[in-house]
Amino acid sequence: PIHTRNFPQLSASHLLMLSLIVVLLFPSLTTSFLPPSFTPPLHSAPASAGVQNPLLSAGAARTALESTATSPDDVYSEINPMKVLIAGAGVGGLTLGTALLDHPHIDVTVLEKTSEFKRFGGPIQLASNALQILKEMDADVYEGVQSKFTNTGDKTNGIKDGIRDEWYAKFDLAGPAVKRDMPYTGVIDRPDLQEILLSKLSGKVLNGAGVTGYSTSPSGRVSVTMDDGSTHDGDVLVGADGIWSNVRATMRDEPQRGEGSGVAYSGYTVFAGELKYDNPTNGVVGYAVYIGPGQYFVITDIGKGNYQWYAFLAREPGSAEKEEKPDGSVAYLKGIFEGWSKDVHAILDATKEEEIEQRDLYDRPPSVAKKWTDGPVCLLGDSVHAMMPNLGQGGCQAIEDAMVLGEELGAVKGRAEVPAALEAYRGRRLVRSAAVQGLSRFASDIIIRGFDTPAKVVEGQFQNFNYAGIVTRMLQPILPIFFAIQFNFLYDGYQNKAALDLKNGLGLFAVGSILLLLAAGSVGEVGILGSMGLESLGATEGLEAIFANIQSMF
């Protein structure tokens with residue numbers, strides 16, 4: 001069935017996305033509203049060496065600190081190493097621990113709440129940017145990952161019309177990777193990735209107690225409190241303890257969960273299934289996103305004849321308990337996706353009830369004006385930039401964090417340099433991670449709240465010629481341009497050498513603005529872009545494609 005519905009107005013998250021792209025283009029704007037807390041505290045570096053600019057390079061900060069008088073105990077060496085404590089043994093924490101092993105003047109300890117590691121969790125996507133980091137960081141880790149890896153980037157990937165079962169837009173994941181001599185995007189079981197990283201950190205991981213908080217001393221050291229009453233002292237604490245971070249709660253003096261924590265319900269719940277499945281497109285399609293009115297469905301190849309699917313629905317929080325499913329989740333979802341592609345129903349029919357889980361999705365707004373650091377303490381991964389799963393970049397961005405932080409800490413010579421190094425890490429990661437957060441949320445909102453079955457004339461009959469259907473059709477030629485710019489942004493900037501990727505940032509701004517204006521029902525306002533001097537090549541091609549594509553509906 002073809003549905004008709006009113007197209008929503010511009011949402012707050014769309015405005016957030018647009019503002020993030022502006023920040024991407026003009027990072028100096030971030031300094032105009034930074035709170036005083038961004039100045040290093042008194043127990044950190046001397047006031048003369050304080051890092052006032054969040055984008056200040058580590059090298060400049062250390063040059064300012066070289067003249068600071070230090071005692072022998074404050075200078076790090078193999079005999080007197082910097083003691084780095086990492087809260088959390090997730091992907092980001094373990095990657096950071098592995099990266100720091102290359103530095104003999106650093107002694108790393110990972111503090112993990114679980115008493116023992118068990119094989120738990122499904123596949124995780126590692127895009128080319130994250131794989132390239134692992135390849136450059138540690139050959140053994142990279143080879144271990146590849147031995148358990150399933151490539152999806154070398155296959156057909158994209159968006160399908162969920163009702164007509166036609167390709168709507170395809171992603172070119174292979175081209176950008178091949179052009180940069182980077183590995184293909186793909187998936188690996190999270191437990192496999194964890195085991196590979198743990199094998200490098202033998203004797204460096206302490207299980208059985210989680211971090212509850214910390215305190216810092218005037219000397220610049222940090223004392224970490226654990227939920228079993230024990231404490232650990234170190235020179236650096238890295239909060240890699242996930243979206244419900246105790247380190248972040250202590251740093252920002254806010255609750256770990258609930259109101260005031262900064263963690264917000266995304267507006268979406270997701271059903272996920274993982275199973276052995278005889279898919280007729282095996283080896284041909286990596287993943288397909290089926291779009292339709294108010295919801296979408298994803299099927300992805302996770303290797304060895306196994307598949308994972310996701311059903312994203314716009315629901316109130318707690319819908320898993322509130323919505324009745326007397327006949328089970330499979331029957332419930334088949335009802336919701338009635339009239340959709342046979343691919344959706346075939347994989348649902350093959351799924352057992354015990355192979356399905358449902359969870360609400362939470363994320364955080366970008367921490368542009370909130371703390372990432374507190375003297376010798378910093379945040380990493382989901383603790384500071386949790387994001388929606390739509391781009392598959394959550395774990396990848398944690399790996400980028402780990403690489404950058406490893407570089408900054410690896411260059412530290414003494415305790416007085418630590419706060420500046422952590423601020424330099426924040427400066428290199430702030431804008432890029434915020435942009436990826438915004439893109440991830442934007443992808444959710446534009447697909448669920450923006451897309452409909454595309455308008456089309458079939459055998460002389462008008463189908464879905466409401467506003468949303470027409471706009472969905474008009475967006476069709478724009479999306480490949482946007483995807484190309486997005487992948488260029490992700491792959492070009494993986495080293496985080498600069499806080500700003502101006503070239504790709506301009507493209508994201510121009511094409512993203514068109515998507516936003518169309519989705520808001522404000523196509524007439526597109527002339528504003530020209531008056532601002534933002535009519536880039538991508539935007540010009542996009543506008544021409546919009547009007548050309550109107551003809552393709554007839």
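**Two positive-phi residues and a three-stranded sheet**

At 73% relative accessibility, Lys304 counts as exposed, since the cut-off for that class is over 50%. The model is a predicted one, and the values reported here are computed from it. Lys304 lies in the loop between strand E15 (295-303) and strand E16 (306-314). The phi angle of Lys304 is near 55°, a positive value in a residue other than glycine.

Asn496 likewise is not a glycine and has a positive phi, of about 55°. The loop that holds Asn496 runs between helix H16 (478-492) and helix H17 (502-519). With a relative accessibility of 1%, Asn496 counts as buried, because the limit for that class is under 20%. Thus a positive phi is found in Lys304 and in Asn496, while Lys304 is exposed and Asn496 is buried.

A further feature of the predicted model is an open sheet of 3 strands, arranged in the order E9-E10-E11 with antiparallel pairing. The edges are taken by strand E9 (211-216) and strand E11 (231-234); each has a single partner strand, so one side of each is left without a neighbour in the sheet. From one strand to the next, the twist averages 20°.

Within this sheet, E9 pairs with strand E10 (residues 222-226) in the antiparallel sense, over 5 bridges. In E10, Thr225 is the residue that Gly213 stands opposite.

Terms used
Residues numbered from 1 in each chain as written. Predicted model: local features only at pLDDT ≥ 70, side-chain atom pairs only at ≥ 80, totals over all residues. Heavy atoms only, no water. Pairing = 2+ DSSP bridges. Helix = DSSP H or I, 4+ residues; strand = E, 2+ residues; numbered from the N terminus. Axes fitted to C-alpha atoms, helices over the stretch in contact; angles between N-to-C directions. Buried < 20%, exposed > 50% of the residue type's maximum accessible area, 1.4 Å probe, protein only.
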